[in-house]
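User: I have a few questions about how the helices in this model are described. Please give the reasoning behind each term.

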Amino acid sequence: SQQGCDPFAQTQRSKLQHRRARINQQINKEMRMRAGAENLFRATSNHKVKETVALELSYVNSNLQLLKEELEELNSSMDVYQNDSESISVPMIPLGLKETKELDLLAPLKDFISEHYGEEGILFEKEIKEFMELRQAMRTPSRNEAGLELLMEYYNQLYFLDSRFFPPTKSLGVYFHWYDSLTGVPSHQRALAFEKGSVLFNIGALHTQIGARQDRASLPGLNQAIDAFQKAAGAFNYLKENFSNAPSLDMSIASLNMLVRLMVAQVQECVFEKMTLLRAQHDFLTQLQLAQEAARVEDVYSLVHQTMTQAHVKDYVPFSWTTMVHVKSEHFKALSHYFAAIALCDCPVASDAELPEQEKAFIQFHITMPEGPSLRVLLQDPEERRKLGKAHLKKAIMKHEEAMRIHGLCKILRKMDILQEVLSFAHKRSLSKYSEIDHEEDFFETGDAPDIHPKTHQKPEIKSPNFSQVKVTDLFHRLGPLSVFSAKNKWYPVRRVHLMRGENGFGFTLRGDSPVLIAGVIPGGCASEAGLKEGDYIISVNGKDCKWSKHAEVVQLLKSTGEEGVEIGVITLQGSEGPKAADKKAAAMSSGSGVLKSNKENSRKSLMNSKSASTLLVWSKKSKRSKKSTYGIPFTTVGDNEVMY
């Protein structure tokens with residue numbers, strides 16, 4: 001069975017988790033105190049008491065603020081998730097996993113099995129324990145492909161748990177507890193959709209950690225980082241589109257929107273890094289391309305920054321993240337102007353043959369046309385190129401300084417030497433280029449360089465989770481085929497019927513398999529006398545369980561009975577529309593605004609597409625029941641191709 005990584009290994013990460021958990025406990029305590037104080041404040045009319053309580057409330061609130069800052073500092077320990085490579089890459093933002101409490105399902109599931117399925121709950125302890133072990137392992141996934149598979153396996157298994165044990169109308173009475181990934185604030189809900197959504201969130205978060213760990217100084221590392229951040233964006237996007245009314249802030253539409261944009265920006269930054277790695281040539285067109293790629297990165301980070309400073313997100317997102325994103329947008333804007341200057345000042349003037357191509361690239365390069373001579377003149381006049389290059393460098397230096405200023409405002413980022421190093425290196429590089437092309441006799445006023453038009457050669461993709469890559473088998477397979485034996489169907493207790501074979505056989509027609517359906521009962525025949533009804537399902541023959549039996553197997557068992565006759569166990573679905581009752585789609589997981597809903601039975605769809613395990617049920621009954629049997633000679637009263645026994 002799948003294993004989580006050792007939760008007690010005192011790695012940097014687990015120390016971090018322990019400190020997080022400790023702060024979470026303190027936050028919970030303060031939240032309880034705050035709730036108590038607020039209730040008292042509302043309830044009392046005594047002024048003296050009100051004043052005291054108001055004072056206590058302000059004390060609790062400032063305590064909470066401090067705890068949240070401490071938590072934020074932990075959440076920004078990005079270095080724990082970064083790689084150990086010597087070369088400097090700008091740090092990326094990874095997300096911490098949502099933590100959850102242990103869950104004991106033994107009693108609730110055993111009770112449900114005996115009440116709903118009429119089976120002995122105790123006989124299913126092994127399966128229930130196996131499910132709980134899987135859940136336990138999934139709480140501490142390793143930060144690699146195996147960890148992702150573990151989360152996927154659990155997510156897919158929840159589809160079966162849902163179908164087997166969560167009727168649309170009644171709650172199992174179990175609460176799922178999860179902590180907010182950024183604030184550590186706890187939430188709980190009975191809806192299984194909250195469990196599903198939280199696991200999906202962790203799939204996204206794990207991808208961000210895998211992305212942040214890659215060594216982006218190498219091409220394989222960069223490609224893996226791009227893949228990981230694209231998949232993270234896909235998981236958060238899927239969560240946003242398929243689940244609503246989450247009880248915790250990290251899963252609100254506004255937060256998920258911000259996270260998708262952040263991941264897309266991190267992909268775009270990797271694309272820029274990839275370009276600097278691949279395009280080692282220093283020709284004019286390559287430098288223009290680099291400038292446009294940098295402008296594109298600046299563009300997407302500006303969008304993330306806007307999203308992070310919106311009302312619903314602003315107080316929630318760690319200040320260090322907002323600052324980091326702001327720093328990056330300024331930094332990449334500076335780089336776009338730097339590469340523009342390099343293209344103009346360091347690359348040889350265009351020959352007549354190169355001119356048309358360079359002119360074409362340069363026409364689309366600036367957002368507005370630079371002042372001065374025509375492009376053709378500019379491209380062929382070294383002095384004009386130097387002038388415009390100098391204007392670009394002046395702008396680059398201003399932006400580098402702005403990035404460093406913003407970086408300095410955040411205590412947490414100031415501790416991140418890597419970022420500091422990257423910013424000051426870029427700043428010095430632009431300064432030295434400026435002094436190199438600056439002539440003492442320059443008497444012209446350096447103009448204002450227009451911004452560079454953002455353009456990328458590789459658009460980030462949002463890659464939705466592929467649930468079918470991890471095949472799972474229904475742990476509760478023994479309860480019978482899901483088409484009948486599910487939480488949403490109800491049936492009458494098993495009837496055991498003794499049948500003797502008459503001269504015309506048993507007097508019924510059968511159809512389909514797993515379980516085989518009695519499609520028709522001949523009036524006055526043996527089956528009719530014994531009380532069998534059309535729409536009954538055969539679940540045992542002579543004590544042998546036939547819930548999963550194929551049509552031919554059941555026929556064989558019936559045919560091999562002798563004089564003594566045969567004992568058949570049948571069930572009738574309640575709602576006596578017979579098999580059609582099983583067709584009714586389950587109602588939405590649960591309504592009511594406070595509950596996380598799974599809007600589109602997401603896993604059901606994805607699992608169907610995956611044709612995953614042998615026990616996977618096709619949900620359309622039509623295809624199911626059309627296997628008509630062809631034994632014996634059809635009797636005249638029998639419906640098309642159904643066979644009489």
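User: What is the handedness of the crossing of α6 and α7?
Analyst: The model is predicted. In it, α6 and α7 cross in a left-handed sense.

User: Why is α6 called roughly antiparallel to α7?
Analyst: Helix α6 (residues 145-165) packs on helix α7 (residues 192-213) at about 165 degrees. Angles over 145 degrees count as roughly antiparallel, so α6 is roughly antiparallel to α7. Their axes are 10 Å apart.

User: Which residues make that contact, and how do they divide by class?
Analyst: From α6, they include Leu148, Leu151, Tyr155 and Leu158. From α7, they include Val199, Leu200, Ile203 and Leu206. By class, the contact of α6 with α7 has 13 nonpolar, three polar and three charged residues.

User: What makes α4 oblique to α5?
Analyst: The axes of α4 (residues 106-116) and α5 (residues 125-138) cross at roughly 140 degrees. Roughly antiparallel needs an angle over 145, and roughly perpendicular covers 65 to 115. The angle of roughly 140 fits neither class, so α4 is oblique to α5. The axes come within 10 Å, and the crossing is right-handed.

User: Which residues meet there?
Analyst: Leu106, Leu109, Lys110 and Ile113 of α4 meet Glu125, Ile128, Lys129 and Met132 of α5. Five are nonpolar, none polar and three charged.

User: How do you know that the span of α8 agrees with its number of residues?
Analyst: α8 (residues 219-242) has 24 residues. At 1.5 Å a residue, α8 should span 34 Å, and its end C-alpha atoms are 34 Å apart, so the two agree.

User: What caps the N-terminal end of α8?
Analyst: Ser218 does. One of its side-chain oxygens lies 3.2 Å from the backbone nitrogen of Gly221.

Note on methods: Residues are numbered from 1 along each chain as its sequence is written. This is a predicted model: local features need pLDDT of at least 70, side-chain atom pairs count only at pLDDT 80 or more; totals for chains, interfaces and linings use all residues. Side-chain values use heavy atoms; hydrogens and water are left out. Helices (H or I, at least four residues) and strands (E, at least two) are DSSP runs, numbered from the N terminus. The expected span of a helix is 1.5 Å times one less than its number of residues. A polar contact is a pair of N or O atoms within 3.5 Å; within protein, one must be able to donate a hydrogen and the other to accept it, and residues adjacent in sequence count only if both atoms are side-chain atoms. Axes are lines fitted to C-alpha atoms, for helices over the stretch in contact, and angles run from 0 to 180 degrees between N-to-C directions. Angles under 35 degrees count as roughly parallel, over 145 as roughly antiparallel, 65 to 115 as roughly perpendicular and the rest as oblique. A crossing is left-handed if the near helix is turned anticlockwise from the far one by less than a right angle, and right-handed if clockwise. Contact means heavy atoms within 4.5 Å. Ala, Val, Leu, Ile, Met, Phe, Trp, Tyr, Cys and Pro count as nonpolar, Asp, Glu, Lys and Arg as charged, and the others, Gly among them, as polar.
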